[in-house]
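Hi everyone, thanks for making time this morning. I'd like to walk you through one structure, so please have a look at the screen.

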Amino acid sequence: MKILVTGGAGFIGSNFIHYMLNTYPDYEIINFDKLTYAGNLNNLKDIEDNPRYTFIKGDICDPIAVSEAVKGVDVVINFAAESHVDRSITSAKEFITTNIMGTEVLLEAVRDFSTPKYIQVSTDEVYGSTEIGSFKETGLLTPSSPYSASKASADLLCQAHYTTFGTPIIITRSSNNFGPYQYPEKLIPLFVTNLLEDIPIPVYGDGMNIRDWCFVEDNCRGIDAVLHQGQVGEVYNIGAGNEKTNLTITETILSRLNKPKSLIQFVEDRLGHDRRYSIETSKVAALGWKPRYDFDTAIAITIDWYKNNEWWWRPLKQPSKIEATSK
Ligand SMILES: NC(=O)c1ccc[n+]([C@@H]2O[C@H](COP(=O)([O-])OP(=O)(O)OC[C@H]3O[C@@H](n4cnc5c(N)ncnc54)[C@H](O)[C@@H]3O)[C@@H](O)[C@H]2O)c1
């Protein structure tokens, strides 16, 4: 199988490429990535010479470059996005351009070349916040931030292409991911790398916002299950059932790194900050998927990875900048 991964130099995309090359000895992967601040070829350093892996620097908003990349592949998996909620609150333009218009460019290329499958990697944030219960795939989309609104728009475009043109799309909506190679502006790598330097960690509001934390490798295995067994036109939630407050995550990291609680700095809450995300995952479970890692094991692996890979995160840190984050 020849797979075009867009945004493969980012956090989840690079983990997915590693996972797929290791899992399927005959699959070929083309990684098409613009290399924004979040794209990092160091994430793929160990496989850059693998004959089954090719990198193309390109923008998913560029129809000519996209057409060349899509031609002849068996599946397109779109990870490319602006992904940081706080940045979307400061300025939404890039989010609208890449996340919505870029998705449309990809969908048009997939239609033009009759690509057998297109997978849109989306997020549980499209459902918005809920104090009780969990969203099914049929839940209303009520996104709160410009980021989640742009992702919801992209999901709707995918569904419109399926209905109108019969484009073979599938959407995955995963919860908060964590693991190796996550840009250190997101909560877990920001806090771990700050604490490794004894820098305070900024917690938004009262720290009681709840997210369902999924180890990135489990999400990659979920996307793999959807790719091979998912039904075209469908949406699949992927979450590990690890609902935890930001404060619990913070205390877990502090305790594992043996650092004092005095390093917690409560800061003004994020605008429009969703209180709780929660998704129902029986549909992906019916494909035979379940998370392989329990939370305690996965967070330990993750913290140890950042401890042991300072070469990776050090160049990405801006020491003077302390920003709060939920994702
Ligand atoms: N990180 C999470 O917790 C999470 C959870 C659910 C869903 N998602 C979704 O998964 C996908 C990947 O997330 P991530 O955390 O790996 O993001 P990331 O920010 O780490 O990586 C995004 C990648 O996309 C590339 N990119 C950005 N704009 C591009 C463009 N115009 N053309 C080509 N490449 C471009 C970047 O260079 C980068 O390599 C996103 O679509 C995101 O919405 C993420």
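I'll start with the sheet, then turn to two helices, and finish at the ligand. Please keep in mind that this is a predicted model.

So, what is the strand order in the open sheet? There are seven strands, and they run β3-β2-β1-β4-β5-β6-β10, with parallel pairing. At the edges sit β3, residues 53-57, and β10, residues 235-238, each of which pairs on one side only. On average, neighbouring strands in this sheet are turned by 20 degrees against each other, ignoring direction.

Let's look at one pair in detail. Strand β4, residues 75-78, joins β5, residues 117-123, in the parallel sense through four bridges. Here you can find Val75 opposite Lys117 of β5.

Now the helices. Helix α2, residues 63-70, lies across β1, β2, β3 and β4, and runs at about 175 degrees to β2. Helix α4, residues 93-112, lies across β1, β4, β5 and β6, at about 165 degrees to β5.

On to the ligand, which I know many of you were waiting for. Which of the 29 residues around the ligand come nearest? Those are Ile12, Asp33, Ser83, Tyr147 and Lys151. Ser83 has a side-chain N or O atom 2.6 Å from an oxygen atom of the ligand. For Asp59, a polar side-chain atom lies 2.8 Å from a ligand nitrogen atom. Lys34 uses its backbone: an N or O atom there is 3.1 Å from a nitrogen atom of the ligand. And how much of the ligand is buried? Alone, the ligand exposes 830 Å², and the protein buries 99% of that.

Thanks for listening, and I'm happy to take questions!

Note on methods: Residues are numbered from 1 along each chain as its sequence is written. This is a predicted model: local features need pLDDT of at least 70, side-chain atom pairs count only at pLDDT 80 or more; totals for chains, interfaces and linings use all residues. Side-chain values use heavy atoms; hydrogens and water are left out. Two strands pair if DSSP finds at least two bridges between them. Helices (H or I, at least four residues) and strands (E, at least two) are DSSP runs, numbered from the N terminus. Axes are lines fitted to C-alpha atoms, for helices over the stretch in contact, and angles run from 0 to 180 degrees between N-to-C directions. Contact means heavy atoms within 4.5 Å. A residue is near a molecule or strand if one of its heavy atoms lies within 4 Å of it. A polar contact is a pair of N or O atoms within 3.5 Å; within protein, one must be able to donate a hydrogen and the other to accept it, and residues adjacent in sequence count only if both atoms are side-chain atoms. Accessible areas come from the Shrake-Rupley method with a 1.4 Å probe; for residues, only the protein chains shown count as cover.
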